[in-house]
Amino acid sequence: MPRIPMAITKAVPFAMAAFLLLAPLGLTAQVPGSGTSKAADTVSQAPVAAETNDSAEIAQKLTNPLAAMISVPIQNWFDFNLGPRKDGFRYTMEAQPVYPVQISKDWNLLSRTTIPVVYQQNVYGRTTQTGLSDSTESLFLSPVHTKSIIWGAGPIFLIPTGTNGLLSTRKFAIGPTAVALKHKGHTNVGLLASHVWSVAGSDSHPDVSETYAQPFVAYTTTKAWTYAATSYDTYNWIAGRWTAIVNPIRVSKLMKLRQQRLSIGGALRCTVTSPQYQPKGCGLEFTVTPVYPAKRE
């Protein structure tokens with residue numbers, strides 16, 4: 001596929017720009033300190049151990065979509081074998097800022113936004129499209145006091161922010177969304193699901209009625225390494241078609257860049273089934289997530 005290297009070369013600046021724009025947010029974030037040492041011979045190893053435990057805890061919280069923690073995942077997807085000649089390429093950079101608010105002593109409200117930027121070529125003939133795709137806003141109401149079963153539910157909104165008709169549904173849609181997961185030891189197992197119906201928008205574009213499901217399992221080590229498997233499954237009720245993309249294994253590591261906590265990870269992105277002209281085979285996924293743990297009172 002001779003066109004792929006050039007496509008990747010054009011796409012990389014989007015990823016670099018996102019990182020350079022969002023990573024400096026860490027300058028305003030404060031993370032818990034390790035305290036002041038009083039006896040060098042007794043505390044030389046304690047701060048390291050405490051920081052390791054704290055990093056592992058934060059890394060595991062990142063696998064919980066309802067964790068009370070501010071984060072800005074920047075996901076980068078590289079998909080191949082698109083279009084009628086199977087020589088198309090798509091790069092998607094999606095920022096997913098997550099912001100939790102405790103609205104009462106018993107309930108949290110969590111906002112999760114997706115803002116995708118897309119570069120694609122040879123998907124629709126010998127053409128290229130670049131720009132914003134449609135955004136979503138999800139709100140989850142979740143109980144503060146939970147044990148092993150964690151859940152949250154609320155509305156989801158599809159907003160037609162796409163700057164190109166080939167990158168947008170041109171429809172405003174709403175529906176329900178929910179998350180449920182079981183936490184045990186170092187492991188989180190759960191499901192994120194939603195459904196949207198179009199309620200307004202352009203008559204020249206098809207209506208929207210889509211169900212989305214994302215099952216996941218993640219294991220975090222005491223060294224803040226996370227190993228996860230997940231799939232992204234969408235059923236289009238209007239067209240009667242499935243899209244299923246699987247991450248058979250995703251590996252990520254929580255690290256510290258000066259005072260900023262940062263998770264970096266990667267995975268294969270393998271398409272199990274998709275509509276005609278959409279990705280086939282395996283692509284790549286790369287994620288950078290600045291993390292801002294909520295302050296404890």
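# Exercises on a predicted β-rich chain

The charged end of R269 sits over the ring of W77, at 4.5 Å from the ring centre. The model used in these exercises is predicted.

## Exercise 1. Overall content

Task: State how many helices and strands the protein chain has, and what share of its residues is buried.

Solution.
- Step 1. The secondary structure of the protein chain consists of 3 helices and 15 strands.
- Step 2. The protein chain holds 297 residues, and buried residues make up 44% of them.
- Step 3. For contacts between residues at least 6 apart in sequence, 57% join residues at least 24 apart.

## Exercise 2. Nonpolar cores

Task: List the residues of the largest nonpolar core, then find what L192 touches.

Solution.
- Step 1. The largest nonpolar core has 9 residues, namely L66, V98, L110, F140, I150, V179, L181, L192 and F216.
- Step 2. With residues up to four places away in sequence left out, L192 touches F140, T177, A178, V179, Y212, A213, Q214 and F216.
- Step 3. Another core lies apart from the largest one and has 8 residues, including F80, F89, Y91 and Y119.
- Step 4. As background, nonpolar side chains tend to be buried together in soluble globular proteins.

## Exercise 3. Aromatic pairs

Task: Count the aromatic pairs, then classify the pair F80 and F89 and the pair Y235 and W237.

Solution.
- Step 1. The count comes to 6 aromatic pairs.
- Step 2. The ring centres of F80 and F89 are 5.5 Å apart and the planes stand at 40 degrees, so this pair is tilted. Stacked requires planes under 30 degrees apart and edge-to-face requires over 60.
- Step 3. F80 has a relative accessible area of 12% and is therefore buried, and F89 is buried at 0%.
- Step 4. For Y235 and W237, the ring centres are 4.7 Å apart and the planes stand at 85 degrees, so the pair is edge-to-face.
- Step 5. Y235 counts as buried at 18% relative accessibility, whereas W237 counts as exposed at 53%.
- Step 6. F80 and F89 also belong to one aromatic cluster with F78 and Y91.

## Exercise 4. Strand β7 and its partners

Task: Decide whether β7 is largely enclosed or not, and describe how β5 and β8 pair with β7.

Solution.
- Step 1. Strand β7 covers residues 135–143, and 7 of its 9 residues are buried, so β7 is largely enclosed by the rest of the structure.
- Step 2. Strand β5 (residues 107–121) pairs with β7 in the antiparallel sense over 8 bridges. In this pairing S111 stands opposite L139 of β7.
- Step 3. Strand β8 (residues 149–159) runs antiparallel to β7, joined to β7 by 5 bridges. The bridge partner of S135 in β8 is I159.
- Step 4. The connection from β7 to β8 is a hairpin through 5 residues.

## Exercise 5. The hairpin of β13 and β14

Task: Describe the pairing of β13 with β14, the residues between the strands, and the surroundings of R261.

Solution.
- Step 1. Strand β13 (residues 241–257) and strand β14 (residues 260–273) pair in the antiparallel sense over 11 bridges.
- Step 2. One of these bridges gives K253 its partner in β14, I264.
- Step 3. The hairpin has 2 residues between the strands, and R258 takes a positive phi near 60 degrees.
- Step 4. R261 is found in strand β14. Its relative accessibility is 2%, so R261 counts as buried, the limit being under 20%.
- Step 5. The side chains of R261 and S55 are joined by a polar contact of 3.5 Å.

## Exercise 6. Two loop residues

Task: Place T221 and K86 in their loops, and decide for each whether it is buried, partly exposed or exposed.

Solution.
- Step 1. T221 lies in the loop between β11 (209–220) and β12 (225–236).
- Step 2. At 18% relative accessibility, T221 falls under the 20% limit and so counts as buried.
- Step 3. Leaving out residues up to four places away in sequence, T221 touches A56 and Y227.
- Step 4. K86 is found in the loop between β2 (74–82) and β3 (88–95).
- Step 5. K86 has a relative accessible area of 35%, which means that K86 is partly exposed.
- Step 6. K86 and K280 are 194 residues apart along the chain, and their C-alpha atoms are separated by 8.2 Å.

Note on methods:
Residues numbered from 1 in each chain as written. Predicted model: local features only at pLDDT ≥ 70, side-chain atom pairs only at ≥ 80, totals over all residues. Heavy atoms only, no water. Core = buried A, V, L, I, M, F, W, Y, C linked by side-chain atoms within 4.5 Å. Buried < 20%, exposed > 50% of the residue type's maximum accessible area, 1.4 Å probe, protein only. Contact = heavy atoms within 4.5 Å. Pairing = 2+ DSSP bridges. Helix = DSSP H or I, 4+ residues; strand = E, 2+ residues; numbered from the N terminus. Polar contact = N/O pair within 3.5 Å; in protein donor to acceptor, adjacent residues only side chain to side chain. Phe/Tyr/Trp six-rings, centres within 6.5 Å; stacked < 30°, edge-to-face > 60°. Lys NZ or Arg CZ within 6 Å of the ring centre and 35° of its normal.
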